[in-house]
Structure formats: structure tokens, C-alpha cells
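The following exercises are to be worked with the sequence and the coordinates at hand. Each task is followed by a solution in steps.

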Number of protein chains: 2
Amino acid sequence: MSTAGSSAEKSSARSINPHISVDCVIFGFSTNQLKVLLIERAYTDESGNRHRDLKLPGDFITPDEHLDRAAARILEELTGLHDIYLRQFEVFGHPNRISRKIDLDWLLETTGLQIHRVVTTAYYALINISESNRDFAIKNNARWIHISRIPPLAFDHLEIIRRGLKHLQEALRNEPVGFELLPAKFTIRQLQTLYEVILDCKLDNRNFRKKVLGTRYLVQLDEKQAGVPHKPAYFYRFDRNTYMRDRKDYIGFNF
Amino acid sequence: MSTAGSSAEKSSARSINPHISVDCVIFGFSTNQLKVLLIERAYTDESGNRHRDLKLPGDFITPDEHLDRAAARILEELTGLHDIYLRQFEVFGHPNRISRKIDLDWLLETTGLQIHRVVTTAYYALINISESNRDFAIKNNARWIHISRIPPLAFDHLEIIRRGLKHLQEALRNEPVGFELLPAKFTIRQLQTLYEVILDCKLDNRNFRKKVLGTRYLVQLDEKQAGVPHKPAYFYRFDRNTYMRDRKDYIGFNF
């Protein structure tokens, strides 16, 4: 039995609060693509046939568990990673969010309980895929799926991803969250591609470069790209301390 | 019995989900002050004496109630106002957030249930006090309390207000939410004061004016202040349509 797919499957063996869950939209970025980590869910239909579909990593909380810690636990069980950027973004509590028969049946099968309403707190996590342990995720029936190729999912998980992406886009416009998805050193071109992919638009190269280098948070390194067919570009790093210092004095109206 | 203070008090008479609640931090702005609308809670101590303290307007949800709708219901029951700016900002689910005896006793007294853990979804609302019906709020044991003079509150409500203010400050830096707290027409000076009060800082007049008028969303009206001892200033209004159009093309890195 997998660890990752089993967060909920293990629930029957321990005490849970069957009204409250957390779900994690784990965004990863690699080879210029935005992906979401999903796990396989197995269920049995009325004729006794087994099926599989995909769901977000998530779980009920235990009676004494802090929500943030539950989200971190799920993330760690699935990826083996600690200290990942994790942000609570929205609560999903629609009275009908659990109404499909296969979802009700799956909950009964995995928890032993008749559960009709669960309010779930959604988090998004940001992972630089190349630095995470891909093998671990694969071992646990977890799969990175391209953001625009996500199939129908369990429960309202497609809607949760859609909203999570919206929150990520908003954050990207206003905060330096994008660096969580990049390696520690990156080129301006890589940064621009990240923005273009997540915001799903084309940005003007010159303007982007000017804006980016106009902040004081990007520090040019002495190192350049190697083995590229074009003129090698300098690497940069994000200086969080400078950002935090300047941020204090930042007053909006750039909105 | 009051309507406002009674959201939870009425719970015993109807079916509730005793695990999940919503709480509203209702921010109001008037005479250059940021205030929060709080309601009186009555409780009986061990010696049978009645006491009163303050709490956020909030309630358990009913079994079939949507979270957003529960928040709007609480707001309307309390103020009589519809269509108020209301935003979900955070979930509070610490396992120990309900641990003080008076809080446990009050829940027992008002719901008839032994309740030990409630996960609450917090919303903030923004109200221009001068345009709201102050009498209604007063009738219902609700009181506007200055943000820096809030006494100890029930449950973790002081912490919820603290976090709500933080979210409001962040929103103010990045989005035109401030206009919700102002009359439809306002002077640049009024707008600046709103920013200074909420962000708790002093802004440079010239810079602020320049930034504000640099956006295309502020439209100068033909009307000026009347009966002021200084040179009367022009009124402005916020043009949401222009904002929404321009926002689509806005890419961050002004952070």
C-alpha cells in the first residue's frame, strides 16, 4: 500500500475529524511547464469493478491536529520534503461538494464512515521539481500533470486547482513567490518564462528586463550559463533580505 | 433578545454543524479612524454571576449552508446591509482555540452542546460607516471599537482581528479595496489619511499625490469641498471599470 495515496486510506485506522480536511495543490515547475502533483485513487463501482482516478493529496485532520501542520504532514508524506513553501489560500465548504456516488462510496470504503459534508481548507505548495525527489513521488502513485492537461478529478478538486492557480497568479503579480519554483540561480530569461507560463501570456522582453532589474532584490552572480547554443546569460539570485527590508516601506497604488 | 448578539444564541433552536463556524471582522472607517464592529456576549461565571464581554459577530453554519452565505447572513442580521464587501481571509483551526472555561461554558449555554473544537473561517467586511445604518447596529448591542482600543475578547477573536488587519493592509498595498471604506466621492487628502491610518504610517504628501494621480482609475469630479477653512479640494471617484480593464495587463515586479 502506498504512503501517498493512503493518507485518507489510513484514516480508518486512526481517529479523525470527519468534518474537516485539508487539500494541497502542489505546483511544480520544470522544463518551462507548470505542473500539479496528483495521486491515484482506487474505487469500486456498483458492479464490483475497480477503477482509478486522480485526486489532490489531502486528508482529514486528526482531532488535535493544527490545520497548517496537517498540510505540511501530507506534503511530507507524499514528497519527503520539509520546509516547502505552503500557503493556505481558501476554504471549500459548498454543501454539495461531496455528492457524487463514487465520492461518497470512496469515503465510506476508506474511512468506514457515512460522510456527507466535509469543509476542506486548501493550501498551495510551490516546488522546484528538479530539486525535489522525483522517484519518491512516482513510487507513491503520485504524478506530475501538466496544468492544462488535468483530467476530471475526484470531488471538487478541479475547481480547487483552478482557484489555487488564480491565487498563485495574484501572488505572482504582487510578491516574489515565483522564486520558490526556480533553482537558486537563474537567468532573467528563465524568470520571464516562469511569469509567462503561470500568467499564461506573452511579456515584452525589454520591459520585463527593465522592471526586474529595477528592483533591488535581484543580484547578478559572477557565473554565466555554460554549454548553451546562444550567448551565455548571467545567473541571478533573489535576495530575500533586501526584499523584506524594502517591503516595509512599500505603499501600494502600483495596483 | 438582540438579533445581533444572538446569532449563536439562536443556534440551540435550530440544526447546526457544531464543528464549523464563520466569524466576521467588520472594519469601518469614519472621522479618520479605523474601527471594528463587536457584539456583547453575556455569560454566567461559576458563582452564578452574569458578565459581559465582546466577541466578533459569528455563528455556526447550518448543515446545508454555504460558508460565504453564512458570512453574508451574519453581516446582514447585524447591520441590515446587503452587498457589502466581504472577503474570506483565513481559517482558524488551532486545536486549543476553545479551551478557556468561560468559552466552553458559553458554548454549552447557548447551544446545549459540549463543544471542544470549532474550525472557523474568518471573513473581513469593509463598511463606510457614515453610509451604514448606525442605529441598527447600536440597537443590537453591537459597538464600533477603535482598532487600537480593543479589550480582551472571547475565544481567539483578538488574534483573528490582528490577522484580518494584516490581510487588509496587504490588500491595500496591492488592490483598490480602500475605496470600499470611503464615500463615493472623496478628496486625495481623505484617501491618503485612509492609507496612513490603516497602514499605521506617515506618507509623503507629494509622492502619494503623484502615485495616485498616476493611475488612471481616479477620476476628478467637477465638484469641490464646501465650507472648509482651507482652500477647497476637488472630489474624486474611483473608476472600477478602468481598473478592471488595466488590471488584466498588469504584471507584477512592482512588489
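Two residues are in contact when heavy atoms of theirs lie within 4.5 Å. The model used throughout is a predicted one.

**Exercise 1. Determine where Lys224(B) is placed, how far it is exposed, and which residues it touches.**

Step 1. Locate the residue: Lys224(B) belongs to strand E8 of chain B, which covers residues 218-224.

Step 2. Classify its accessibility. Partly exposed residues fall between the limits of 20% and 50% relative accessible area. Lys224(B) has 38% relative accessibility and therefore counts as partly exposed.

Step 3. List the contacts, leaving out residues up to four places away in sequence. Lys224(B) then touches Pro232(B), Ala233(B), Tyr234(B) and Phe235(B).

Step 4. Compare sequence with space. Gly214(B) is ten residues from Lys224(B) along the chain, and their C-alpha atoms are separated by 20 Å.

**Exercise 2. Carry out the corresponding analysis for Phe238(B): is it buried or exposed, and which residues does it contact?**

Step 1. Phe238(B) lies in strand E9 of chain B, residues 234-238.

Step 2. The relative accessibility of Phe238(B) is 13%, so the residue counts as buried; the cut-off for this class is under 20%.

Step 3. Once neighbours within four places in sequence are set aside, the contacts of Phe238(B) are Pro176(B), Phe179(B), Phe186(B), Tyr217(B), Leu218(B) and Tyr243(B).

Step 4. For Arg216(B), 22 residues from Phe238(B) in sequence, the C-alpha to C-alpha distance is 9.3 Å.

**Exercise 3. Describe the backbone and the surroundings of Asp83(B) and Asp200(B).**

Step 1. Read phi. Asp83(B) has a phi near 50°, a positive value in a residue other than glycine. For Asp200(B), likewise not a glycine, phi is positive and near 55°.

Step 2. Place each residue. Asp83(B) sits in the loop joining helix H1 (67-79) and strand E5 (85-92) of chain B. Asp200(B) sits in the loop between helix H5 (188-199) and helix H6 (205-214) of chain B.

Step 3. Apply the cut-off for exposure, over 50% relative accessible area. Asp83(B), at 81%, counts as exposed. Asp200(B), at 68%, is exposed.

**Exercise 4. Characterise the second largest pocket: what is its volume, and which elements line it?**

Step 1. The volume of the second largest pocket is about 400 Å³.

Step 2. Its lining comprises 17 residues, and those closest to the centre are Thr187(A), Ile188(A), Arg189(A), Arg209(A) and Ala233(A).

Step 3. Helix H5 (188-199), helix H6 (205-214), strand E8 (218-224) and strand E9 (234-238) of chain A each contribute at least two lining residues. H5(A) gives the most, with four residues.

Step 4. Sorted by class, the lining holds six nonpolar, seven polar and four charged residues.

**Exercise 5. Summarise chain A, then establish how chain B is related to it.**

Step 1. Chain A contains seven helices and nine strands. It has 255 residues, of which 55% count as buried.

Step 2. Chain A exposes about 12,100 Å², and 49% of this area comes from carbon and sulfur atoms.

Step 3. Of the contacts in chain A between residues at least 6 apart in sequence, 70% join residues at least 24 apart.

Step 4. A turn of 180° with a shift of 0.0 Å along the axis lays chain B on chain A with an RMSD of 0.0 Å. This is the relation of a two-fold axis.

Step 5. The copies meet through the same surface, because 100% of the interface residues of chain B are also interface residues in chain A.

Key. Residues numbered from 1 in each chain as written. Chains lettered and ligands numbered in written order. Predicted model: local features only at pLDDT ≥ 70, side-chain atom pairs only at ≥ 80, totals over all residues. Heavy atoms only, no water. Buried < 20%, exposed > 50% of the residue type's maximum accessible area, 1.4 Å probe, protein only. Areas by Shrake-Rupley, 256 points an atom, 1.4 Å probe, with all protein chains shown as cover. Least-squares fit on C-alpha atoms with pLDDT ≥ 70 in both. 1 Å grid on protein atoms, 1.4 Å probe; cavity = no way out; pocket = protein on both sides within 12 Å on 5 of 7 lines; lining within 4 Å. Points joined across faces, edges and corners; volume = space filled by probe spheres on them. Nonpolar A, V, L, I, M, F, W, Y, C, P; charged D, E, K, R; others polar.
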